[in-house]
Amino acid sequence: DEFIFDVQGHYVDPSGKWLDQVPQFARPFAGMPKADCELGEDQAGRGYLECLGPDEFVKDVFLDSDTDLMVLSFVPSTRESEPVTIEAADAVRRIVERLEGTHRLLLHGRVNPNQPGDLEGMDELAQKWGVSAWKTYTQYGPGGKGYFLSDEVGTRFIERARKLGVKVICVHKGLPFGKQSYEHSQCSDIGVVAKRFPDVKFLIYH
């Protein structure tokens, strides 16, 4: 009888354009335990990605588990290298809505405000795709250098979120992506911005 809300779910697009940027010999995500299922058994090469794809995602989360509501999230990337695009995510959201006629899948909008185009893209994510929150990785950025939510880059991001009326910001913290990003994996900036922007909710992962 409990309400179960999974605040961060992932899948990958097994045939997405992101694979064009992956070397042919590479096997992305192959080491994950989930990359082994009946759906991928009869397929060669990168067929195992089907086990991490949208069909298996919907089955595992919305048919075979007790999850009531989930947020589909995104990984740190450029728009061109996203393992799941906002268009693909929206298509899965519509599939889930048809299952029982209920709104059980919410979407994050991926924003890395320290890389070109992401701040400007927030308008489309909010207005066209109806994202429920923003997902950012403060450890991620051009050249492997991240940012702080409390610096000029982070402040512009938060102010744009407020302007667009989507005032929930989900932040990957704690797990750094390397020595260069370590400082940005710490939470020294969270209290600063929470006090500065009391109308914004900050959800911190990890």
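## The disulfide

In this predicted model, the count of disulfides comes to one, and the bond in question joins C37 to C51, with a distance of 2.2 Å from S to S. The torsion about the S-S bond of C37 and C51 is about -100°, so this disulfide is left-handed. C37 lies in the loop between β1 (5-9) and α1, whereas C51 lies in the loop between α1 and α2, so the pair ties together parts that are 14 residues apart in sequence.

As for how these two cysteines sit with respect to the surface, C37 is buried, with a relative accessible area of 10%, and C51 is also buried, with a relative accessible area of 2%.

## Two cysteines without a bond

C170 and C187 can be considered next, together with the reason why no bond joins them. The closest cysteine sulfur to that of C170 is the one in C187, and because the two are 14 Å apart, they are too far from each other for a bond. Seen from the other side, the sulfur of C187 has its closest cysteine sulfur in C170, again at 14 Å and too far for a bond. A disulfide would need the two sulfur atoms to be within 2.5 Å.

The surroundings of these two residues can be described in terms of accessibility: C170 is buried, with a relative accessible area of 2%, while C187, at 42% relative accessibility, counts as partly exposed.

## Salt bridges around K59

The count of salt bridges in the model comes to 15, and several of the residues involved are linked into a network made up of K34, E56, K59, D60 and D64. Within this network, K59 forms a salt bridge with E56, where the closest N and O atoms are 4.0 Å apart, and K59 also meets the side chain of D64 in a salt bridge, at 2.9 Å from N to O.

E56 and K59 are three residues apart in helix α2, so they are separated by about one helical turn. The three residues of these two bridges are covered to various extents, since E56 counts as buried at 10% relative accessibility, K59 counts as partly exposed at 32%, and D64 is exposed, with a relative accessible area of 53%.

## A salt bridge in helix α3

Another salt bridge is formed where the side chains of D90 and R94 meet, at 3.0 Å from N to O. Both D90 and R94 lie in helix α3, which covers residues 86-100, and they are four residues apart, which corresponds to about one turn of the helix. Which of the three terms, buried, partly exposed or exposed, applies to D90? At 11% relative accessibility, D90 counts as buried, whereas R94, at 41% relative accessibility, counts as partly exposed.

## A patch of negative charge

On the surface, D36, E38, E41 and D42 gather in a patch of negative charge. One of these residues, D42, has its place in the loop between α1 (38-41) and α2 (54-63), and this is also the loop in which C51 lies. D42 is exposed, with a relative accessible area of 77%, while C51 is buried, with a relative accessible area of 2%, so this loop holds both a buried and an exposed residue.

Definitions and conventions. Residues numbered from 1 in each chain as written. Predicted model: local features only at pLDDT ≥ 70, side-chain atom pairs only at ≥ 80, totals over all residues. Heavy atoms only, no water. Patch = residues over 30% accessible without salt bridge, like charges linked within 9 Å, V, L, I, M, F, W, Y side chains within 5 Å. Areas by Shrake-Rupley, 256 points an atom, 1.4 Å probe, with all protein chains shown as cover. Lys, Arg positive; Asp, Glu negative; His and termini not counted. Charge placed at Lys NZ, Arg CZ, Asp CG, Glu CD. Helix = DSSP H or I, 4+ residues; strand = E, 2+ residues; numbered from the N terminus. Buried < 20%, exposed > 50% of the residue type's maximum accessible area, 1.4 Å probe, protein only.
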